[in-house]
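Me: I'm new to this one and would like to know how its descriptions are justified. Could you walk me through it?

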Number of protein chains: 2
Amino acid sequence: MKRSMIVELLKGQGAPVGDIVTVKGWVRTKRGNKVVSFIALNDGSTINNIQIVVNPEDFDQDLLASITTGACIRATGKLVESQGKGQSYEIQATELELYGIADPKEYPLQKKGHSLEFLREIAHLRPRTNTFGAVYRIRHHMAYAIHRFFHEKGFFYFNAPLITGSDCEGAGQMFQVTTLDLNNLPKNSEGKVDYTKDFFAKQTSLTVSGQLEAELAALALGGVYTFGPTFRAENSNTPRHLAEFWMCEPEVAFNDIHDNMDLAEEFIKYCVQWAIDNCMDDIKFLSEHFDKELVDRLHWVLEKPFRRITYTEAIEVLEEAVKNGKKFEFPVYWGVDLASEHERFLVEQHYKVPIIVTDYPKEIKSFYMKQNEDGKTVRGMDILFPKIGEIIGGSEREADYDKLKQRAQEMHVPEKDIWWYLETRKFGTCPHSGFGLGFERLLLFVTGMANIRDVIPFPRTPKNAEF
Amino acid sequence: MKRSMIVELLKGQGAPVGDIVTVKGWVRTKRGNKVVSFIALNDGSTINNIQIVVNPEDFDQDLLASITTGACIRATGKLVESQGKGQSYEIQATELELYGIADPKEYPLQKKGHSLEFLREIAHLRPRTNTFGAVYRIRHHMAYAIHRFFHEKGFFYFNAPLITGSDCEGAGQMFQVTTLDLNNLPKNSEGKVDYTKDFFAKQTSLTVSGQLEAELAALALGGVYTFGPTFRAENSNTPRHLAEFWMCEPEVAFNDIHDNMDLAEEFIKYCVQWAIDNCMDDIKFLSEHFDKELVDRLHWVLEKPFRRITYTEAIEVLEEAVKNGKKFEFPVYWGVDLASEHERFLVEQHYKVPIIVTDYPKEIKSFYMKQNEDGKTVRGMDILFPKIGEIIGGSEREADYDKLKQRAQEMHVPEKDIWWYLETRKFGTCPHSGFGLGFERLLLFVTGMANIRDVIPFPRTPKNAEF
């Protein structure tokens, strides 16, 4: 008999009341007495359980005894409107089948209220908790919203390579990729590792960004976006850093920095709106358990246009605040990179709306950003969000071959690594812009979770690559 | 003035005839005489160019001289119905703006008819050719079709980690990931590399499959799918192998092998149908230039249900063929892994329909496949396509803890690497199934391209990690 999804049944869409239905899933709880048992069953399609009403007399007692928290079962029975509070429909069981037990003495998710730290240690089982079921469903929805947004705009998904011979940012610590036997390394005549013997016949790393390749594609296909894993080998053990994380990087020919801001604002609002429209059961659960202001905060960012200010204005606001007694951990002066505390002050306390900061000092930004005529600033733009700080970073790109080449030299980006990137400015160059969204940053914002390790299924951090 | 997309204008959807429109793009060709010039402009939104009609008297002669193949321009003018053959609308230019030249003496895409081999060497520019524009647009559409298919079925996109401490298949050569300085390696007391000093405090590699992690998720969320890059460090320099390629791996709780075949057939047909419905201009171009039978072949796989046969039946058919004089390069006998020539014979010459082969000898399949009661075969299933051979491989998974553990031991998969995988069979196990689609294999099929290096933007192969 065909399995009904619990999400459909609870919405009244899976089958008409009175029908015999079959559900399959994992037991969340079982309670009751000799006259009646109630099994709360979850199949992962929704955070909500369906209640299976069991008359113990109708079933084998050993079977019923095996149906404990975590066990996997099939239940078949009549779908009826529920008398109980807080549930719409329930199933009066006529058949029960046990697929897999979960021995109460061994199953680690026996009782409620495990710490997030403990659940990270059993990341192979945590998808079965309400919390991580909710997070992973939202993660799916946010990924789907990204693809849908860009598809509907006529953008093309473009897959930049993960294994690379060059380092986009000219900075960023990278993971090396090799097939050499580290216990038996080939050496060249100078006694150094002989990379001509390596798989790619040269030294290669995992990419820190697909942007440069996305620019090549934009200068041919018009609008493109990447969305995939990127890597940073920074030894940062913080709730905001992962060694392996997902980035979405749109890149658009003919967009200037204003078009870029318009696109980024529309994009992030589309994602948040999608979450509100499609994930509210999960969001409400997370809000209740982790972040009471979550739902309000989601609505808050949609309410008004983002405020657009220059870096110079931002510094003036921060300096004024310091003058009025505000204490920051990090110093504030023109030329400094904004710290998270600065970003959050601007958004949460000063402007009280998400902001887009533009025209940063060129010294603190990458070589590829378009230079302003003042000789000091570049057309970068960062979107700052409450609680999160920077959620999107982007820029109009330098489209002029000579300026780009010179800035790359000044910032010690080897020309041999980016000759192909420079060539796009030589042949049919045009104004273009793009930005990057840290996918897990978006998820922190939308789920209300506090630690980035809790919004990706298997976090990779220093000294941790389990599962 | 807002840019119109050429794909919209040519469909008659961008603006009404008579309107002043602006397009931006790259010059494919310019021809004409003193009285009139025709610029064929492409903006990447479609393989079709829009014709810009220019009266040379209205423009600066130096500007016109700079508008050569590959140059990037803006053209503004009146949208009119075209008198010319093969085009619906054209633009009578009133303004032209040059964004970037492409010096005819230097621009490598000056003339038509470059070899695919040459274009691989300029992979940074090949998106600007008709061929690769078409391939990358189709690549986008196939990725979008994948997300859409699974989303509409209530599946969740699940991101397996790329950096891993374990090797899913118990085989497969892997790339090592490290932050150790290879010219100054830390050694332990035995004189071996001291991996406790590495970033993850142990030896790590790039994943060859996200399947095991996807199974964990399926046993909690119901239906999930991965879609992302995977890696094989095999020294295979063939038109069918890449070191970095994309895989889509759905995994579904409660599905047996028959449900799995149904899902896989529906899925691949959905993708092919999507290509027919959304990419026909690009497909027709590729068909014309590379594979005359492409369009027919796409329709052909949709026409009939796939034929489902067992491995044993397949071997019987092949042995019968050999008896009747058919010559194969590789031998045919029960127990052998089918070679591409065998697969293609079965599909193209014998059954004349895509086939699904099931119940393979356990010795040639992975440890995680569900064992049949005959003690000899496992519930694997491969979908074989014309021209491509295997396009999908999957199985029902072994759900029994003891059987799985024993088979892992027999196949020398270390328990320390898969303890977490085994545990899912201990706690709430259930029948489940899944499969993997090699994304570039699908693209070879849908584009008609012959070399896998030509369906991924920046191919990684032995001795090659450029761009």
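Me: How much area does chain A expose, and what share do carbon and sulfur atoms supply?

Reply: Chain A exposes about 18400 Å², with 47% of it supplied by carbon and sulfur atoms. Such areas come from the Shrake-Rupley method with a 1.4 Å probe, and for residues only the protein chains shown count as cover. This is a predicted model, where local features need pLDDT of at least 70, side-chain atom pairs count only at pLDDT 80 or more, and totals for chains, interfaces and linings use all residues. Residues are numbered from 1 along each chain as its sequence is written, and side-chain values use heavy atoms, leaving out hydrogens and water.

Me: What makes a residue of chain A count as buried?

Reply: Buried means under 20% relative accessible area (exposed is over 50%, partly exposed in between; 1.4 Å probe, protein chains only). Of the 467 residues in chain A, 61% count as buried.

Me: Why is helix 8 of chain A called oblique to helix 13 of chain A?

Reply: The two helices, residues 294–303 and 439–447 of chain A, pack at about 120°, their axes 8 Å apart. Under 35 degrees counts as roughly parallel, over 145 as roughly antiparallel, 65 to 115 as roughly perpendicular, and the rest as oblique. That angle therefore makes helix 8 of chain A oblique to helix 13 of chain A.

Me: Which residues of helix 8 of chain A make the contact?

Reply: They are L294(A), R297(A), L298(A) and V301(A), meeting F445(A), V446(A) and T447(A) of helix 13 of chain A. Contact means heavy atoms within 4.5 Å.

Me: How many residues of domain 1 of chain A are in contact with domain 2 of chain A?

Reply: 10 residues of domain 1 of chain A are in contact with 8 of domain 2 of chain A. The domain centres, taken over C-alpha atoms, are separated by 44 Å.

Terms used. Chains are lettered from A and ligands numbered from 1 in the order in which they are written. Axes are lines fitted to C-alpha atoms, for helices over the stretch in contact, and angles run from 0 to 180 degrees between N-to-C directions. Helices (H or I, at least four residues) and strands (E, at least two) are DSSP runs, numbered from the N terminus. Domain bounds come from an automatic or database domain assignment.
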